[in-house]
Amino acid sequence: MPFSSYLGNTRRGGGWAQSLLPSSSATVKSTPKSHPARKSRKRTALINYLFTNFFTIALSLSLLFFLLTLLLFGIPKPISSHFKPRSTTRKPTIRKTVTRKQPTLNPKQDGAVVDITTKELYDKIEFLDKDGGAWKQGWEVSYNGDEWDSEKLKVFVVPHSHNDPGWKFTVEEYYERQSRHILNTIVDTLSKDGRRKFIWEEMSYLEKWWRDASEDKRESFTNLVKNGQLEIVGGGWVMNDEANSHYFAIIEQITEGNMWLNDTIGFVPKNSWAIDPFGYSPTMAYLLRRMGFENMLIQRTHYELKKELAWNKNLEYIWRQSWDAEETTDIFVHMMPFYSYDIPHTCGPEPAICCQFDFARTHGFFYELCPWGKHPVETNQENVHERALKLLDQYRKKSTLYRTNTLLVPLGDDFRYVSIDEAEAQFRNYQMIFDYINSNPSLNAEAKFGTLDDYFQTLREEAERINYSLPREIGSGQVGGFPSLSGDFFTYADRQQDYWSGYYVSRPFFKAVDRVLEHTLRASEMLMAFLLGYCQRAQCEKLPTGYAYKLTAARRNLALFQHHDGVTGTAKDHVVLDYGTRMHTSLQDLQIFMSKAIEVLLGIRQEKSDQTPAQFDPEQVRSKYDALPVHRAISAREGTAQSVVLFNPLEQTREEVVMVVVNRPDVTVLDSNWTCVQSQVSPELQHDKSKIFTGRHRIHWKASVPAMGLQTYYIANGFVGCEKAKPVKLKLFSKLSSIQCPTPYACSKVEGDMVEIENLYQTLTFDVKHGLLQKVMHKTGPQSVVVEEIGLYSSSGGAYLFLPNGDAQPIIQSGGHLVIAEGPLMQEVYSYPKTSWEKTPISHSTRIYNGGNTFQEFLIEKEYHVELLGKDFNDNELIVRYKTDTDNRRIFYSDLNGFQMSRRETYDKIPLQGNYYPMPSLAFMQGSNGQRFSVHSQQSLGAASLKEGWLEIMLDRRLVRDDGRGLGQGVMDNRVMNVVFHLLLESNISSTSNSVSNPLPLSPSLLSHRVSAHLNYPLHAFIAKKPQEISVQTHSRTFAPLAASLPCDLHIVSFKVPRPSKYSQQQLGDPRFVLMLHRRNFDSSYCRKARSQCTSVADEPVNLFNMFKGLAVLNARATSLNLLHEDTEMLGYSEQFGDVAQEGHVIITPMEIQAYKLELRPHQ
């Protein structure tokens, strides 16, 4: 939020001393793209004719093409770079039909061929931050004056108001103070004059306003949308963050907003507007394209990238996914060129002039006056000539940064247009200036208010008439005249060396809660779909439809937190409390619903009323919004058994070692047939050096749970004929104080300086004195050095910025507590290390598993308990660093939104903080010998590879100061939290591409994908509230809804009823269910089946009609990811996707996400 929140509260990017104010930062603008309708399928007769005369036609076309080439381009010159030197003159030529050359793929690289990659931009740019004068981060822009002789300048001024759903105030506070007044103002002022336009983005506010608005206001609003004066852009619940948000949550939040908008007003957005997220992900471009969006606009990208793109007139481009060799993901992007989206930085390159045309910055209003000293003056007949020419000069200068003569000029800021007077001041003054410009043909310009759609349509029409393509430019078949680009825009810097990498980690506790709410919502939606799918009478619809409103509230609370001040951790303390409380409430609601749903699906709950209390409790319970979950202890008395029900939300059967907590160790584990199951018991540990053992115990056993199904186990006390859980052997080391050996375990002292734990596949070695991992040895392969280090950065950043003062310093000292537990199923090293503080800020466990036929045997589980509390840790940032012998050349790969990987390279020409990148769920390094070291995470954090073989991840940050981006506080509300990583060391079994020379991102292995899925979609455990007598053994209780496990690379993103509250009102036969599938792309040079327990991959089609047991799939149709379009070719998909209804065959190419609407009926 830029310069003009209320006086004295400048938003991110405001608050510089005047000498530092970038006159206008070079920002990259993304232009939304138009998708021409695809050609209809060829008729058989035509195909026959082409085959018959193939050689004649081919020869004729070749000759014609050759002659045309000579005519148009002359004798070809030697090939040179397609980055041409900048020319300030731009005389458009009438557009000629260009035959686009099909680029040849490097046979070793399977991916997109584009004009620009963000890696090439980084390689080329020197990052010198040269002072550009009035446009501080650019250059002195000039023009000849004849650029608009043959094609006049068409200016669209787009009024907007950026409404954060929570930042310095909560969403409710903002709504009452500003947003509801802004929406009233829009309706009133636009209704007065048909020439006035406006755009609105956030549905969270519009939905609130709609509930409060009178019928007249609603009708006026709808009419303004229908007549094109008011455009809804984006139309998500919020304008989501793009670094920390997971793709599941992004899809949910956009769909929630888009569906509400379509149901309420009948409008479906096609232009996206993202002016405030702090960096941009190509995942967003992919999802929007597959939702039917045509164009995107972005703003906050690195100022040096903006400058480079502006210099070459590449601020408008086609964004293509890195894997897409067929141009099916192309979307048109407009990148804004300057420092901010406020009015001083949007009319042109000179903010001191542009500020004079922000007519709300006068003494009559509450906004900050122009910091450059020259203020707006009311436009009148006497000064209109001078004012219009001054503004037009800025428009012309800005226009030279783009290829076409169609210009976009946003007119707004944070929470603007709050009163009629303010809106009138802008509309009145600008209309007078427009009238002057438009009445003087010699100016070769036309200016008017417009929407984003007005701009993009006009731009596309111009690009159709006039050829703006550069020679040898690859471009796109979607819209001609613009370069193609692939890559992402992290890490964002808005000025000097201020890199916004701090927000990747700020408020990490809530980043973790976000993901728990996500997977709980996904699981709840699945259970609701099964309840309704298997239901044949109105009676059994009561439970799911009774919870429909709570499910909607949960979707909206998750959606709200995706806002670019929510999951980012960049809001004020009381706003964080509001987000956290909302998520906590929804988590509790969902868990109660799940507890009741499993009873119905297992055949326990017969009356199926949602009022009856559940017989099960969730195994983990959270006492309040900012407390860690606690395991509910099972206390089965003699002669009784407590049932534990496990729900597997994944699409493959799950063989996994699981854990519950018990009050007494002498228990037995039984499966649903009351058969003995091998188990082990170990003491529960806690972060307390004077009392490491809690007195409770952990039971581990290997569970098998059907795909998307339920399985019951029993924890029994006094069951005859079964071996009791086997106690682990404990080894203890302590220099701090003696550790008492807990009952009933056998304890011994650790001997020597090194200690090992091992399973069938790997041996881990630890340094006893420091309690840190040192190396990993594979029984069948090489030994790897993995030296674990825990350190602190001293830092002067804030919620947004990471500003380290030098490198991180190790904090672990010799001597501390070490507990080693060795058992048949799980082995663990727990370290409570010694540091220079009385209470150490971190303790950690390292676990390996033995299960037989589980891929857990190949991973190393790290759990860090973090307490960065108190003034001792002020202005410090806590990291864990793995120093390996991988020769990665400081190149690593981190994921974008849990959806795709991005190649990261550490550059010496940018500071340490600029080499930190988002890590929502995975980071890995690869050596020249194919050795790969991966870290999987359950929550989004930040990662870097600052030296060869090093991978570091930031765990938490505590900062006293505000970092000058408008928040007005530091980050001091740290919570006690646990961070879980799964480490994986792999060797490839065939040749692999060289990670140094290959500019494309590498993919995870199939095993890596499965590890990630199990970590991010854990089993949900529920414990019976009452024990049952062992003598009364109930029948086997399982629920297995899938006919078979799905292929290993196929993931069900969601299976749900999108409108559960309207379930019974929908037309019979209308598809009421949605199934969304994602096919993961994996690196096949890594072992495929042996290690990941895979039976199949999705090379063969999957049949939708036979997917479920006992359920008939009817009326299946392909749909967009926001569920609002059924023309699949318009979305960029292949023709086969749309054919699902006839055959039921699902064919998905790697990386694609496809959604289907279905109707389900129980088999008679």
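**View 1. Arg290, a buried arginine, and its partner Glu1152.** In this predicted model, Arg290 has a relative accessibility of 0% and so counts as buried. Glu1152 is buried as well, with a relative accessible area of 7%. The two side chains meet in a salt bridge, with 2.8 Å from N to O. Arg290 sits in the loop between α8 (282-289) and β7 (295-298), while Glu1152 belongs to the loop between β53 (1145-1146) and β54 (1153-1162), so this contact ties together parts that are 862 residues apart in sequence.

**View 2. Arg522 meets Glu651.** Here is another salt bridge to look at, with an N to O distance of 3.7 Å between the side chains of Arg522 and Glu651. Arg522 comes from helix α14 (residues 508-533) and Glu651 from the loop between β18 (640-647) and β19 (654-662), so the pair ties together parts that lie 129 residues apart in sequence. Both Arg522 and Glu651 are buried.

**View 3. Glu789 and Lys883 link two strands.** The closest N and O atoms of this salt bridge are 2.8 Å apart. Glu789 is part of strand β31 (residues 783-794) and Lys883 of strand β37 (residues 876-884), so the pair ties together parts separated by 94 residues in sequence. How accessible is each partner? Glu789, at 15% relative accessibility, counts as buried, whereas Lys883 is partly exposed, with a relative accessible area of 21%. The cut-off helps here: buried means under 20% relative accessible area.

**View 4. A network of charged side chains.** Side chains of opposite charge can pair when their charged atoms come close. In this view, salt bridges with shared partners join Arg507, Asp573, Lys624, Asp626, Asp973 and Arg975 into one network. If you would like the wider tally, the count comes to 84 salt bridges, taking a side-chain nitrogen of Lys or Arg within 4 Å of a carboxyl oxygen of Asp or Glu.

**View 5. Strand β36 and its neighbours.** Strand β36 spans residues 859-866, and 7 of its 8 residues are buried, so the strand is largely enclosed by the rest of the structure. Which strands pair with β36? Strand β35 (residues 842-849) runs antiparallel to β36 and is joined to it by 6 bridges. To find your way along this pairing, look for Ser843, whose bridge partner in β36 is His865. Strand β45 (residues 977-986) also runs antiparallel to β36, with 8 bridges between them. For this pairing, a handy landmark is Tyr864, which stands opposite Val979 in β45.

Notes
Residues are numbered from 1 along each chain as its sequence is written. This is a predicted model: local features need pLDDT of at least 70, side-chain atom pairs count only at pLDDT 80 or more; totals for chains, interfaces and linings use all residues. Side-chain values use heavy atoms; hydrogens and water are left out. Buried means under 20% relative accessible area, exposed over 50%, partly exposed in between (1.4 Å probe, protein chains only). Helices (H or I, at least four residues) and strands (E, at least two) are DSSP runs, numbered from the N terminus. Two strands pair if DSSP finds at least two bridges between them.
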